[in-house]
Amino acid sequence: MAKAKPWLEPHPHGLYVRPADLWIDPSRPVERAAVTHGHADHARSGHHAVFATPETLAIMALRYGVDAAASRNAAFPYGDGFERGGVRFSFHPAGHVLGSAQIAMEYRGERIVVTGDYKRRPDPTCAPFEVVPCDIFITEATFGLPVFRHPPTEGEIAKLLAAVRAEPDRSVLVGAYALGKAQRVIAELRAAGWTAPVYIHGALEKMCQLYAVHGVDLGDLRLVGESDKAEMAGQIVLAPPSALNDRWSRRLPDPVTPMASGWMRVRQRARQRMVELPLVISDHADWDELTATIAEVNPQESWITHGSEEGLLRWCEMTQRKARALHLVGRDVEDEGGEEEA
Amino acid sequence: MKRFAALIDRLVYTRSRNSKLALIVDYLKHTPDPDRGWALAALTGALDFPAVKAGTVRALLASRVDEELFRLSRHFVGDTAETAALLWPEKPLHFRGGVGVGSIGLAQGRWTPPAATKPASWQVSLPSPEGEGGLSVTQVVDALSAATRSDAPAILASLLDRLDADGRYALLKLALGGMRVGVSARLAKQAFAQAFAVAIDDVEELWHAIPPPYAQLFAWGEGRAARPDLADVAFFRPFMLAHPLEGESLDLSDYVAEWKWDGIRVQIVRGGGETRLYSRGGEEIGAAFPELLAAFDQDAVIDGELLVRGEAQGGAEGGAASFNALQQRLGRKTVTKKMLADYPAFVRVYDLLAVDGNDLRGLPWTERRRQLEAFVPRLADSHFDLSPVIEATHFGELAELRAGARDAAIEGVMLKRRDAPYVAGRRAGLWYKWKRDPLVADCVMMYAQRGNGRRASFYSDYTFGCWTDAGELLPVGKAYSGFTDAELKWLDKFVRDHTIDRFGPVREVEKTLVLEVAFDSIHASKRHKSGLAMRFPRIARIRRDKPAEEADRIATLRAMVT
């Protein structure tokens, strides 16, 4: 096992950058936090000062009431950054959700990159992942087992549209997490030529508006609460996963329930959740993306966190790469199926 | 395999029976022979490839994939076939990402979304019928049938190489058996009948007479050939079934009464030198009861109750053990000598459908009974006896006898019209089952789970318990029926308002609601902590008036055990 670098300390509740006295994605309130992206298991409320991309800051303002305009908080577009305590910080696209960033840090000639969550496939709602060469690469491992190979997104969207066509009297209720997945599914639908209104659960409304403000056109969106039951037959409805089989869904005409998540690759998982149509659409890198990324970045050392660390560690061992697992707490992979706010 | 894999995939996620039916109907109508026949055989568990076992798959995977990664994956997925299907190495998908960047800071400034692209057509077609280059079900079946223990791994590997993940899953499930897609033989036959607009009774009869891939069956279904001739074949005759008797009384000069024994309904058929044992759904269960197959040496078809020797039902005279004893023998592929000795099975015969080449089904019950009484002595009395007719002169007397059946642990009484022929299915006015009144117990709701399909948004499956002497609540059963729609709504709300913990899909509730549970019988069971298992439990009433402390004790239930 490699030793932790003296200037970057992994703690159960986050990574602490000692010379800068700053935390990355801390799971409890701190004085200074650099945040990779807006999901609740990375972005928490209550920090005194937040450093993030403008989009992430806007998302945190929406979700946690962070005052994005306050001078103690600072927004950095991709490629940009700041220096503190001799550490040079910069933000680079991670391809996960709108505003998601890898955070690169350089200190005394050594560079460490924290990926946050990331993926490598195209996503119409965010900037593509950028490879940043570094000495230490701290990667996520949500899908760090070789059973996870996400099929091409177009095929999954085609499945969804085929279901809509096959059930003209039912609405197709897609379970998708409120930040990122929902907007991506809508954008992919638009790219596939679906121009009809998309009906959304109230919990998705504000985030969709935020995406639109940041230039991601999601087309005609309507609230389920303000729409007729009959009007939603043969149409696509999006809701957070927790609403799929809940009382809320009774207001829809006999809904078919696809669920969009990387976990859907495993039948047993999908069945447990009573999903009728599993769509393997993920905002996390699959096994091939994870291993290819480590190979491409080719760091001296990889630190692996939240997910199936063991699988990716084993791969590093097999390919003679130096690696260790970081055990951070509070990483419940919010956007891939954890229960969340309605 | 594409169509078959898509069918399996859809069936896995389809919960409603009618939707499953529609999927199979569509597949059968639009898939060529012999693929559809093999697929049907795979769905109903009629295929067996002795050279291919789970161990073959594990060994094969070990040669292709790192053992540790396989172990971690298997642990996560929980099923060998699915793990293998997902893990099988294939070329990684190409993804478009940031290409190797030499220095930091290439992407500067704020990201702008790409301009809207021209809408592509989203029309996609379902997989087309196989045969144009892809691997067909038939090719797979042929290859697996020809495999020997030594070349099975290589054959399996070459098949896996030619399929995608869904195809590999379908292949491994087909090869290893145990599809687990919720399709019974009955459902498959129904799909066939519906697909080709033929009578289900005909399908039932022909099904077991024709081996996979059922070419003659499809030819007949599509009107291309006459109904296959079944002389000299041990085929299954669809059962005659009974309606429940609800309140009405019957004239015993028109109806005859027999005890309703608590076993399973079976049919034994001997024809063309072969003997087969069928369960009610028309599934062959002979492998679990080799002694019955060996003992049935007459060219005939009988209908009866499969039981185990004992004294729980009707005492020494009744001669049958409880259903629980029979359960030890059910669902086995092979039986040990010890099982045969500890749970000796026999059939209590109540009808004769054919004998010495004559079909008796068109004759009235009285005539069949006369022939049955003459026939049974031709069978070994160690394994076959005659179901006696209950002597009662009028309906009131029968009602009294039925009430006494509680102690005898018999399920109730059957009433059969004396002049009725033996007809398939449930026909009004011919046969009635008059079950004894159910047992009831007051239990406390402990856990709840959501239902399926139409009930997916309702907590409709309830686990309930009774009190130990130490004042602890132990689960005694689970029920998901017996209530009205209005009661379901109320129960759903109760669960939501009184949840104290969640375990995945299961909610634990406050132990305050008493449910009156009705059940047919209760047995000792090692599977449950309470040591009890109920048969056919259902919610009889919601006892909002009753405090939970006053619900029944485990000891009370134990006293009802048969």
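**Figure 1. What the buried side of helix α3 of chain B packs against.** In this predicted model, the buried residues of α3(B) sit against α1 (2-13), α2 (17-29), α7 (137-146), α9 (165-176), α10 (185-196) and α12 (215-221) of chain B. The helix covers residues 35-43, and 9 of the 9 are buried, so the rest of the structure largely encloses it. If you want to click through them, the buried set is D35(B), R36(B), G37(B), W38(B), A39(B), L40(B), A41(B), A42(B) and L43(B). Notice that D35(B) and R36(B) are on that buried list along with W38(B) and L40(B). Just past the end of the helix, G45(B) has a positive phi of about 70 degrees.

**Figure 2. A hairpin in chain B with a hardly covered strand.** Now for the opposite case: strand β16 of chain B, residues 499-503, has 0 buried residues among its 5. Its antiparallel partner is strand β17 (residues 506-509) of chain B, and 4 bridges join the two. Look for R502(B), whose bridge partner in β17(B) is R507(B). The hairpin has 2 residues between the strands, and G504(B) takes a positive phi near 55 degrees there.

**Figure 3. The nonpolar cores.** Which residues have the most contacts inside the largest nonpolar core? They are V174(A), V237(A), L238(A) and L171(B), in a core of 218 residues. Zoom in on V174(A) and, leaving out residues up to four places away in sequence, you'll find it touching L160(A), V185(A), I236(A), V237(A), L238(A), P258(A) and A260(A). There is also a second, separate core of 32 residues, and L491(B), A533(B), I539(B) and L557(B) are among its members. As a rule of thumb, nonpolar side chains in soluble globular proteins tend to be buried together.

**Figure 4. An open sheet in chain A.** Here 6 strands line up in the order β1-β2-β3-β4-β5-β6 (chain A), forming an open sheet with mixed pairing. At the edges are β1 (8-11) and β6 (74-75) of chain A, each pairing on one side only. For a parallel pair, go to strand β4 (residues 32-34) and strand β5 (residues 49-52) of chain A, which are linked over 3 bridges. A handy landmark is A34(A), which stands opposite F51(A) in β5(A).

**Figure 5. Where the two domains of chain A meet.** Domain 1 of chain A is assigned in two pieces, 8-147 + 283-336, while domain 2 runs over 153-279. Their C-alpha centres are 28 Å apart. At the contact, 19 residues of domain 1 of chain A meet 21 residues of domain 2 of chain A. What kinds of residue does domain 1 of chain A put on the side that touches domain 2 of chain A? The tally is 8 nonpolar, 4 polar and 7 charged.

**Figure 6. The two assigned domains of chain B.** In chain B, domain 1 takes in residues 240-435 and domain 2 residues 439-558. The C-alpha centres of these two domains of chain B lie 34 Å apart. How many residues does each domain of chain B bring to the contact? Domain 1 of chain B gives 5, and domain 2 of chain B gives 5. On the domain 1 side of that contact in chain B there are 2 nonpolar, 2 polar and 1 charged residues. To place the view in the whole chain, the C-alpha trace of chain B spans about 100 × 65 × 50 Å along its principal axes, and chain B has 20 helices and 21 strands.

**Figure 7. How far to trust chain B.** Mean pLDDT for chain B is 87, with 91% of its residues at 70 or more. Among the elements of chain B, helix α17 (residues 365-375) has the highest mean pLDDT, 97, and helix α14 (residues 315-318) the lowest, 78. Two stretches call for care. Residues 93-107 of chain B have pLDDT below 50, though the model gives this stretch 32 contacts beyond near neighbours in sequence. Residues 117-132 of chain B also stay under 50, with 28 contacts beyond four places in sequence. Where pLDDT is low, don't read the predicted coordinates in detail. For the complex, the predictor gives an ipTM of 0.90 and a pTM of 0.73.

Terms used. Residues numbered from 1 in each chain as written. Chains lettered and ligands numbered in written order. Predicted model: local features only at pLDDT ≥ 70, side-chain atom pairs only at ≥ 80, totals over all residues. Domains from an automatic or database assignment. Contact = placed C-beta atoms within 7 Å. Nonpolar A, V, L, I, M, F, W, Y, C, P; charged D, E, K, R; others polar. pLDDT = per-residue confidence, 0-100. Buried ≥ 20, exposed ≤ 12 C-beta atoms within 10 Å, placed from the backbone. Pairing = 2+ DSSP bridges. Core = buried A, V, L, I, M, F, W, Y, C linked by C-beta atoms within 7 Å.
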